[in-house]
Amino acid sequence: MGKKIFIVILSIVFLFVFIGFWKGYVTLNNVPAFILPPPEAVAQSFVSLIRDGTFFAEGWVTLYTIIIGFGIGSGLGFFAGYFSARSRVFEEIISPYVMLIQATPKVSLIPLFVIWFGLGMPSKLLLIVLSAFFPVMINTILGMRSIPEDYENLMTILHASERSRVLKMKIPMATPQIMAGLKIAMVQSVIGAIVSEWMAGDQGLGYLLVYASSLYDANLLMSAILATTFLGLILYWSIELVEKRLLFWHESRVAFTEGT
Amino acid sequence: MSEIIVDVKNVRKIFTSGTKKERKEFSALEAVSFTVSKGEFVSLLGPSGCGKSTLLKIISGLLPASSGVVSISETGTKKAPPFGFVFQDSVLLPWRTAFDNALFPFEIMGSKEKADEARVKELFGLAKLNGFESSYPRQLSGGMKQRVSIVRALSYNPPILLMDEPFGALDAITRDNLNNVLLEIWESTRKTVLFVTHSISEAVYLSDRIIVMGTKPGRVIKEVPVNLPRPRNEDVKLTPEFYASVKELRELLK
Ligand SMILES: Nc1ncnc2c1ncn2[C@@H]1O[C@H](COP(=O)(O)OP(=O)(O)OP(=O)(O)O)[C@@H](O)[C@H]1O
Ligand SMILES: [Mg+2]
């Protein structure tokens, strides 16, 4: 317990030291505000952007794009992974395409999407779906394949139906790996959303970033970066929360709950 | 005591591997025949690789035989399978408590009666697991997990219990303890047991009859009856009869 408090205090102290350095650097070197504004100016701009609702409006657009794209992408990734793990034939048929798409930096596809679908939602969604798909698919295959054979034998001995074999044994057994895939997918989705809004968006936090940059408004830019960070953190934490609930039994969790 | 429950006739198992052009055939079991009677405790004893696990899998229907027949005269009830299977690892579901793991078969069969739960409670007592019903597998020792696994295998009251080196991964002291627990459970349930081991003294201590297997190819060398009185306890291990059986088996396995 004492250790925990110590860590919290230390990280707060670190934050203040960081802000202090920032402030000191800006005042001592007379850095112009359009390059690096002082911390209080960024804070002020951040608060006012919350007050006038800009962050909520733009953040909401980014958030629901991520949620929809992540949902579709990881859902498809799960099924693709599930069927690949079940059937070698299916895996062999799709694996060259999977490799091809995976080797392509997804960002490079955005200009193409813009030609096909124009600026806005469809292009953004497509990129996020692609970003979330692969980590979930690959980890689902890994999870399903690493189930020890005797678990399968147990289900066979018990005359388990295919349905209960999958729902009561396979999916729960593969959950640690699937969750790991979902976490990577979430990080990738946030990056995908910001980058696609940046290149193909007319709304959202990513769009706000380009907009601020084009105006040389460093206050707005840094506030928008902060807002993106918060959004990313909130999404990552929510998925960790889900993981904590689902995997209370898993070693990776046990170490955390019993270690302190 | 002579009603035959498991009848293995001329079972062969050939594993094929390699490519289509270069087919490799490996004979894991060669003309294996034996029977197990109702209520009998029979051990399969043999060196590593002689096909004990393969044989158990064929008997339980997990693997098809290449030729030969296995007939099981007990079919179990409508939904409940005729076998309980205990593996070398406990194969427990880590997100379920010990008790819920023991009840897992009922969830798969889709039917559970009051009496079933009561029987599982009783088995928990027999396996000396009282007080650990709501523990998760990670909170249990290896020996305890294996006891839960035995309780699970017996939960739906199958007529036949198949065990594949269930204590092979445990230390000697825990192993002796579990042998005694198993004997007690067997005395009070009188299941037909087919028990795989490569420990000679374990086989002698537990069994009515030992089927000695040899390797390359896997086959039955001899059947050795064990005529030690029942119920048995640790004292039996100090008798000359026990030594005689151990000695005979050691000679056979040389
Ligand atoms: N699926 C398989 N494909 C090819 N060969 C196999 C397969 N399963 C088992 N074998 C071979 O059959 C032989 C018997 O294997 P088995 O696992 O039945 O031995 P065992 O008596 O149980 O050994 P142990 O005491 O080490 O568990 C071994 O030589 C093994 O390599
Ligand atoms: Mg074996």
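Let me begin with a definition: a residue is called buried when its relative accessible area is under 20%, exposed when that figure is over 50%, and partly exposed in between, with a 1.4 Å probe and protein chains only. By that standard, 43% of the 260 residues of chain A count as buried.

What we have here is a predicted model, in which local features need pLDDT of at least 70 and side-chain atom pairs count only at pLDDT 80 or more, while totals for chains, interfaces and linings use all residues. Residues are numbered from 1 along each chain as its sequence is written, chains are lettered from A and ligands numbered from 1 in the order in which they are written, and side-chain values use heavy atoms, with hydrogens and water left out.

Let me stay with chain A for a moment. Its secondary structure comes to 11 helices and 0 strands, where helices are DSSP runs of H or I with at least four residues, strands are runs of E with at least two, and both are numbered from the N terminus. Along its principal axes, the C-alpha trace of chain A spans about 75 × 60 × 30 Å. If we take contact to mean heavy atoms within 4.5 Å, then, among the contacts in chain A with a separation of 6 or more, 72% are made by residues 24 or more positions apart. The accessible surface of chain A is about 14,800 Å², and 72% of that belongs to carbon and sulfur atoms; these areas come from the Shrake-Rupley method with a 1.4 Å probe, and for residues only the protein chains shown count as cover.

Now to the interior. A nonpolar core, as I use the term, is a set of buried Ala, Val, Leu, Ile, Met, Phe, Trp, Tyr and Cys residues joined through side-chain atoms within 4.5 Å. Which residues touch the most other members of the largest core? Of its 123 residues, they are B:F34, B:L44, B:I59, B:L194 and B:V204. Although those five are in chain B, the element that gives the most to this core is helix α8 of chain A, residues 162–200, with 12 residues. Apart from this core lies another, of 14 residues, among them A:V98, A:F113, A:F133 and A:F134. Returning to B:L44, and not counting residues up to four places away in sequence, we find that its partners include B:F34, B:L56, B:L194, B:F195, B:I211 and B:M213.

B:K52 also touches B:L44, and B:K52 is one of the residues around ligand 1, in a shell that also includes B:F15, B:F26, B:S48, B:E165 and B:H198; a residue is near a molecule if one of its heavy atoms lies within 4 Å of it. The shell divides into 4 nonpolar, 6 polar and 2 charged residues, with Ala, Val, Leu, Ile, Met, Phe, Trp, Tyr, Cys and Pro taken as nonpolar, Asp, Glu, Lys and Arg as charged, and the others, Gly among them, as polar.

For polar contacts, I mean pairs of N or O atoms within 3.5 Å; within protein, one must be able to donate a hydrogen and the other to accept it, and residues adjacent in sequence count only if both atoms are side-chain atoms. Oxygen atoms of ligand 1 lie 3.3 Å from a polar backbone atom of B:C50 and 3.0 Å from one of B:G51, and a polar side-chain atom of B:S53 is 2.7 Å from a ligand oxygen. The protein covers 60% of the 630 Å² of accessible area that ligand 1 has on its own. Two elements of chain B, β2 (23–37) and α1 (52–60), give two or more residues to the shell, and α1(B) supplies the largest share, 3 residues.

Some backbone details deserve a look. Most residues other than glycine have a negative phi, and most peptide bonds are trans. A cis bond nevertheless joins B:K216 and B:P217, with omega about -10°, and B:P217 lies in the loop between β8 (209–214) and β9 (219–225) of chain B. Another cis bond joins B:R230 and B:P231, again with omega about -10°, and B:P231 lies in the loop between β9 and α7 of chain B. As for phi, A:N30 has a positive value near 55°, in the loop between α1 (2–29) and α2 (39–51) of chain A, and A:N30 counts as exposed because its relative accessibility is 66%.
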